[in-house]
Amino acid sequence: MEMEDVICKNCGVINDCTLTNKSGQMVATCNNCGKYIKNVPYSEPALYFGKYSGKAINDYFTPDEVNYLHWIRNNPDIWNKKINQRTRDAINLRLDGKIKQFNESEPF
Ligand SMILES: [Zn+2]
């Protein structure tokens, strides 16, 4: 549910496109005819609870905000149950600069 259908106005194909990130804007290009289709609204991974609800993970900058992400990650009940993989990846990337693979069955 992150993206609406992308329909090429030139040839009519639906959701057969390549998304390219151009200066932070997602741009859809048709795979069939190669034409620009449109800019695509892109929802940044974010937490949808707590004091920073709705804030994009990439916008956590202050020590308080970053400490909050560490706290989230160190809290298995929240980390494993309330956050999807895409958001976990974004948090790992924000905190570590890379994506970590966690075995969710392992206690921390
Ligand atoms: Zn097309």
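# Close-up views of the chain

**View 1. Welcome to Asn15, in the segment before strand 1.** Asn15 counts as exposed because 12 other C-beta atoms lie within 10 Å. The scale used here calls a residue buried if 20 or more other C-beta atoms lie within 10 Å of its own, exposed if 12 or fewer, and partly exposed in between, with C-beta atoms placed from the backbone. Although Asn15 is not a glycine, its phi is positive, at about 55 degrees. Please keep in mind that this is a predicted model, in which local features need pLDDT of at least 70 and side-chain atom pairs count only at pLDDT 80 or more, while totals for chains, interfaces and linings use all residues. Residue numbers start from 1 along each chain as its sequence is written.

**View 2. The whole chain has three helices and three strands.** Helices (H or I, at least four residues) and strands (E, at least two) are DSSP runs, numbered from the N terminus. Starting at the N terminus, the order of elements is β-β-β-α-α-α. Of the 108 residues in the chain, 12% are buried. Among contacts with a separation of 6 or more, 29% are between residues 24 or more positions apart; a contact here means that two C-beta atoms, placed from the backbone, lie within 7 Å. How high is the mean pLDDT of the chain? The mean is 83, and 82% of the residues reach 70 or more, on a scale of the predictor's confidence in each residue from 0 to 100. Among the elements, helix 1 has the highest mean pLDDT (96) and strand 1 the lowest (79).

**View 3. Three strands make an open, antiparallel sheet in the order 1-2-3.** Strand 1 (17-22) and strand 3 (36-40) are at the edges with a single partner strand each, so one side of each has no neighbour in the sheet. On average, neighbouring strands are turned by 25 degrees against each other, direction ignored; the axes behind such angles are lines fitted to C-alpha atoms, for helices over the stretch in contact, and angles run from 0 to 180 degrees between N-to-C directions. Strands count as paired if DSSP finds at least two bridges between them. Such pairing within a sheet goes through backbone hydrogen bonds, parallel or antiparallel.

**View 4. Here are the partners of strand 2 (residues 25-30).** Six bridges link strand 2 to strand 1 in the antiparallel sense. Cys17 stands opposite Cys30, and Leu19 stands opposite Ala28. Which residue of strand 3 is the bridge partner of Ala28? That partner is Lys38, while Val27 has Asn39 as its bridge partner in strand 3. Strand 2 and strand 3 run antiparallel, joined by four bridges.

**View 5. A hairpin joins strand 2 and strand 3.** Five residues lie between the two strands, and Gly34 in the turn has a positive phi of about 85 degrees. Asn32 is also in the loop between strand 2 and strand 3. Is Asn32 buried or exposed? Asn32 counts as exposed because it has 12 C-beta neighbours inside 10 Å. Leaving out residues up to four places away in sequence, Asn32 touches Cys8, Cys11, Val13 and Asp16. Thr18 is 14 residues from Asn32 along the chain, and their C-alpha atoms are separated by 10.0 Å.

**View 6. Helix 3 (residues 85-96) has a buried side and exposed residues on the other.** At 1.5 Å a residue, its 12 residues should span 16 Å, which agrees with the 16 Å between its end C-alpha atoms; the expected span is 1.5 Å times one less than the number of residues. Arg88, Ala90 and Ile91 are buried in helix 3. These buried residues cover an arc of only 160 degrees around the axis, which puts them on the same side of helix 3; the arc is that of the directions from the helix axis to the C-beta atoms. They pack against helix 1 (63-73) and helix 2 (76-81). Gln85, Arg86 and Asp96 are exposed on the other side. Just after helix 3 comes Gly97, whose phi is positive, at about 75 degrees.
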